[in-house]
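Student: I am new to this protein and would like to get to know it. Could you walk me through it step by step?

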Amino acid sequence: MYQQIVKVLGVVRLKHIFRAFISPLHTIKVLKYHYRRVSEREFVHFLARSQGYSAGAVEQAYKDFHSHQSLWDEVEEKLTLYPNSYGLQMTRERPALYVLTRLLKPNIMVETGVSSGATSTYILRAMQDNGGGRLFSIDLPPDNLPQGHTSGWIVPESLRSQWVLKLGDSKELLGPLLHELGAINCFLHDSLHTDEHMLWEFRTAWKHLRTGGLFLSHDVGASEAFFDFMAEQHIPWSSYRVFHVLGGFTRV
Ligand SMILES: C[S@@+](CC[C@H](N)C(=O)[O-])C[C@H]1O[C@@H](n2cnc3c(N)ncnc32)[C@H](O)[C@@H]1O
């Protein structure tokens, strides 16, 4: 308890104290967010443990991750040519996505928000290493992609056999896709980060996420949706972690 109080005090800033008087509920959510922010390794180990995987399995998956360095370099190189596109926003979290996909071995994973396709590439490489699994991605092509390219342009041909990409608004495509798929093992949100849209996607995907499935959202600090959704579903505060701005928990 003492350690927890020290940790909370460690993330409190003057602005939180000021805002606490104006909007106490918002301040609680901000503190919740900061309180569960951890390093990449802690994030992955926490989720791996909640999936029943050992620390050794996590380290093995990281070894596999490093064996693909030339692919990661290629992705980075291409993205750096177009720094104004969204592709570089998840640079820090992508290794965790590869490792978690290796561990979870999802048969069916659904991702919203593709842009150039960097996260899709990491997930698909992990699925290829798993020897199975399919990734279904939805993207409304942004207007900042390199000329002549569409969503997912960066995903190598060799990784596309396990991929289904649907172009359009997730508000229109996600429901019918999930209906078609039935149950899914993992959901990753990284499309439009408004409170309303995130909550809508979370609620829609939740109906299809299996028990033991992994629920991931990028930019959980962008709005209050992630925390409101957890409260709505009675998911305890202790069951999620955030690495950088990627939040996640296992459905129990
Ligand atoms: C942050 S980018 C995704 C980046 C990607 N996950 C990565 O890190 O490689 C967000 C993407 O979501 C798309 N998007 C925005 N609103 C959307 C919507 N309503 N439905 C589907 N995609 C949407 C954007 O056009 C953009 O391509």
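Student: How many helices and strands are there in the protein?
Tutor: This is a predicted model, in which local features need pLDDT of at least 70, side-chain atom pairs count only at pLDDT 80 or more, and totals for chains, interfaces and linings use all residues. Residues are numbered from 1 along each chain as its sequence is written. Helices (H or I, at least four residues) and strands (E, at least two) are DSSP runs, numbered from the N terminus. Counted that way, the protein has 11 helices and 8 strands.

Student: What is the radius of gyration of the protein?
Tutor: The radius is taken over C-alpha atoms, and the globule rule is 2.2 Å times the number of residues to the power 0.38. For 252 residues that rule gives 18 Å, and the protein comes close to it, so it is as compact as a globular protein of that length. Its radius of gyration is 18 Å.

Student: Which helix gives the most to the largest nonpolar core?
Tutor: Such a core is a set of buried Ala, Val, Leu, Ile, Met, Phe, Trp, Tyr and Cys residues joined through C-beta atoms within 7 Å. A residue is buried if 20 or more other C-beta atoms lie within 10 Å of its own, exposed if 12 or fewer, and partly exposed in between, with C-beta atoms placed from the backbone. The largest core has 56 residues, and Leu100 and Phe187 have the most contacts inside it. With 7 residues, the top contributor is helix H7 (residues 94-104).

Student: Is glycine 52 buried or exposed?
Tutor: Glycine 52 sits in the loop between helix H4 (40-50) and helix H5 (55-66). Leucine 103 is 51 residues away from glycine 52 in sequence, yet their C-alpha atoms are 9.5 Å apart in space. Because glycine 52 has 10 C-beta neighbours inside 10 Å, it counts as exposed.

Student: Which residues come nearest to the ligand?
Tutor: A residue is near the ligand if its C-beta atom, placed from the backbone, lies within 6 Å of it. Helix H8 (118-130), strand E3 (134-139) and helix H9 (170-181) each supply at least two residues of the shell. Of the 22 residues around the ligand, the nearest are Met90, Gly113, Ala118, Pro142 and Leu192.

Student: How far apart do the C-alpha centres of domain 1 and domain 2 lie?
Tutor: Domain bounds come from an automatic or database domain assignment. That assignment gives domain 1 (1-35) and domain 2 (40-250). Their C-alpha centres are apart by 28 Å.
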